Amino acid sequence: MDNPAPTRLSETMSPDTDILIAGGGLTGPALALALADGGLSVTLIDARPANTRTKPAFDGRAYALALASRRLLTATGVWPVVADTSQPILGIRITDGRANSGPGRHSLCFDHAEIEEGPMGHMLEDRFLYRAYLKAMQDHPGITHLPGRAVCSQRVAGAGVSVRLDNRQTLSGAVLIGCDGRHSGVAERAGIGRTGWGYGQTSLVCAIEHELPHRGVAHQHFMPAGPLAILPLPGNRVSIVWSERDRAARDIQALDDGGYLDVLRPRFGDFLGNISVSGQRFTYPLGLSLANSFIAERVALAGDAAHGVHPLAGQGLNLGLRDAGALAEVLICARRRGEDIGAGQVLARYQRWRRWDTATMAVATDGLNRLFSNDNGALRLARGLGLSAVNGLPRLRRAFIREAAGLTGDLPALMQGRQI
Amino acid sequence: MQATDTETGGTTDAEEVAKFEAMAAEWWNPNGKFRPLHMLNPCRLDYITGQIAMEFDRDLSDRAPFAGLRLLDIGCGGGLLSEPMARLGAEVTGADAAPGNIRVARLHAGQSGLKIDYRCATAEALAEAGERFDVVLNMEVVEHVARPPDYIAACAGVLRPGGLMITSTINRNAKSFALAIVGAEVVLRWLPKGTHDWRRFITPDELYGMIRAAGLEPVDRKGFVFRPLAWGWALSERDLSVNYVTASVKPG
């Protein structure tokens, strides 16, 4: 209020909606549901048409959902719909390996029985999660879902922010939230720069069918070229996230399924018997991309728009859901005490809450990757001893399990199983 | 602009009014002179909204939980409390003895798209005019007026039977001198020097006495406590040693 100029009438009229969300991926719908449950009206602008990603066939994409994230999905009514389609993660086994010699001798095992909260996470297929998101948004009276629409421009005016869509429709709200991924248009238009770098690595992602039961155990093999995660899905299937140097990944992706499996087998090992590819194969270039600020005037960023991290710890979805839980809590509490929910001081609370946490995670996964993605003999020995040492210390192991389950740090109420 | 006792016709102190007028334009700058108030505001609002909801049986998750309640924000300044109350659906009158504050508050309410009846008036003038309210917010004012007992009586006078008054002020003891004067004005420079006169601070017992003498029944009191690690304010059940707040109701 440094410049109290007269305001035009159009700018003081009540906005179309409390919250505008751009992006209907993994974070946007969870945030929309949490906000609408708290009594705020939400319009979600989703670039994808509604019928994509809801096809019944499995497309090979799946996510590791931490325990804390599951609580948020429970609070927003999504979890009961998808619970039966998920696979609980009952144990985690971490090994340091070399491509042709199989997993190394030193390993670190975590068992869910070591913490009281139950399974440390669940594996969830994209097709089931997205369908549940869509249904929940359609059923919620507080949410307007606009599929197949893109934001072309945004403008802050008076006590609100407005967006113009690709069908020339203009919508106004008190806050615009960018959940539009690591190339966030909302962030770019708000003048928020990004810091980050590529790792020269690409993740190969697909689902594998196998012969022997996986018993709910997730595996992380650290290889010189990058980590290989093997994550259990319902039935005799696992989801793999297999990181290789960019050029090698490109070559492997170009192979047919038979050739792909030939390269995978020595890394994967034979502990699950015969293996075959199930569904599509995807590649994702790995990199770190942090927004220099999570907020701007009447703008907030959540999910990958705020922070794209290395996916090796499986934390991308979980970090996004933590953002959703924190931002929903900040905005709902502000509304209930009568504050302007788009005021700078309100949005600053969200940034203070989340920015440190995500920066820590980004640095941690970055460091882990650098530590493990090489073939230096001394480092290999140190890694092996480190894994064995952690394995021998129950208290430290429990701390790791609680971290993996997303139970550490300043948790949003919805992730503690409390209502806002 | 000069505001004197005769113009506003009440217990306000002319020097105090002029001091605040100079600061008026700063009201809505969260990083300006009123930063401490902006920092305290969420905590004050939590207390106020909670007490109103309890007294009038309202659900804060409703769209306009305070609809139908007539609320007076006395010493409203730039409208830091009036605007949230209007957003929650209350019919708000904001009163301040400093005309500069009222100008700032009116301007800002317009920009926020809120309808608030701002008046340059004192509690005494409103009582004489026969105005009556369900809720009176009397926040961080009593330590600035010339005759606190008369002022509290005037506030009680505009309350309807069954109405609720929330009053906050600063305790008078060695700690409040150290924190509110030496700490906030000298060391941290949160407040301009001379914002507060320690001798005007009021102990909870003195305040309760004034409230009872005005015919109201005190029902609750809490401390506002600054937490340095979180760098923010929180409500405390026990610690009323510096900033504190009370709720009282008019029988009827």
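This short talk goes through a predicted model with chains A and B, beginning with confidence, then a helix pair, the contact between the chains, and chain B.

Let me start with how far chain A can be trusted, since what we are looking at is a predicted model. The average pLDDT of chain A is 83, and 76% of its residues score at least 70. Residues 1–12 of chain A, however, have a pLDDT below 50, and in the model this stretch makes 15 contacts beyond near neighbours in sequence.

Staying with chain A, I would like to turn to a pair of helices. Two packed helices are described by the angle between their axes and by the distance between those axes. Helix α2 of chain A, residues 27–37, packs against helix α5 of chain A, residues 126–139, at an angle of about 30°, and their axes are 10 Å apart. The crossing of α2(A) and α5(A) is left-handed. Which residues meet there? From α2(A) they are A:Pro29, A:Ala32 and A:Leu33, and from α5(A) they are A:Tyr133, A:Ala136 and A:Met137. Sorted by class, this contact of α2(A) with α5(A) has 6 nonpolar residues, with no polar and no charged ones.

Next comes the contact between the chains, to which chain A gives 17 residues and chain B gives 21 residues. On the side of chain A that touches chain B, the residues divide into 4 nonpolar, 8 polar and 5 charged.

That brings me to chain B itself, which has 9 helices and 8 strands. The C-alpha trace of chain B spans about 45 × 40 × 35 Å along its principal axes. A compact globule of 252 residues would have a radius of gyration near 18 Å, and the 17 Å of chain B agrees with that. Of the 252 residues in chain B, 48% count as buried. If we take the contacts in chain B with a separation of 6 or more, 68% of them are between residues 24 or more positions apart.

I will finish with one residue of chain B, B:Leu179, which has its place in helix α8, residues 174–187. Why does B:Leu179 count as partly exposed? Because there are 19 other C-beta atoms within 10 Å of B:Leu179, whereas a buried residue needs 20 or more and an exposed one has 12 or fewer. Leaving out residues up to four places away in sequence, B:Leu179 touches B:Ala184 and B:Val242. B:Leu207, by contrast, is 28 residues from B:Leu179 in sequence, and the two are 20 Å apart in space, C-alpha to C-alpha.

Note on methods: Residues numbered from 1 in each chain as written. Chains lettered and ligands numbered in written order. Predicted model: local features only at pLDDT ≥ 70, side-chain atom pairs only at ≥ 80, totals over all residues. pLDDT = per-residue confidence, 0-100. Contact = placed C-beta atoms within 7 Å. Nonpolar A, V, L, I, M, F, W, Y, C, P; charged D, E, K, R; others polar. Axes fitted to C-alpha atoms, helices over the stretch in contact; angles between N-to-C directions. Helix = DSSP H or I, 4+ residues; strand = E, 2+ residues; numbered from the N terminus. Left-handed = near helix turned anticlockwise from the far one by under 90°. Rg over C-alpha atoms; globule rule 2.2 N^0.38 Å.
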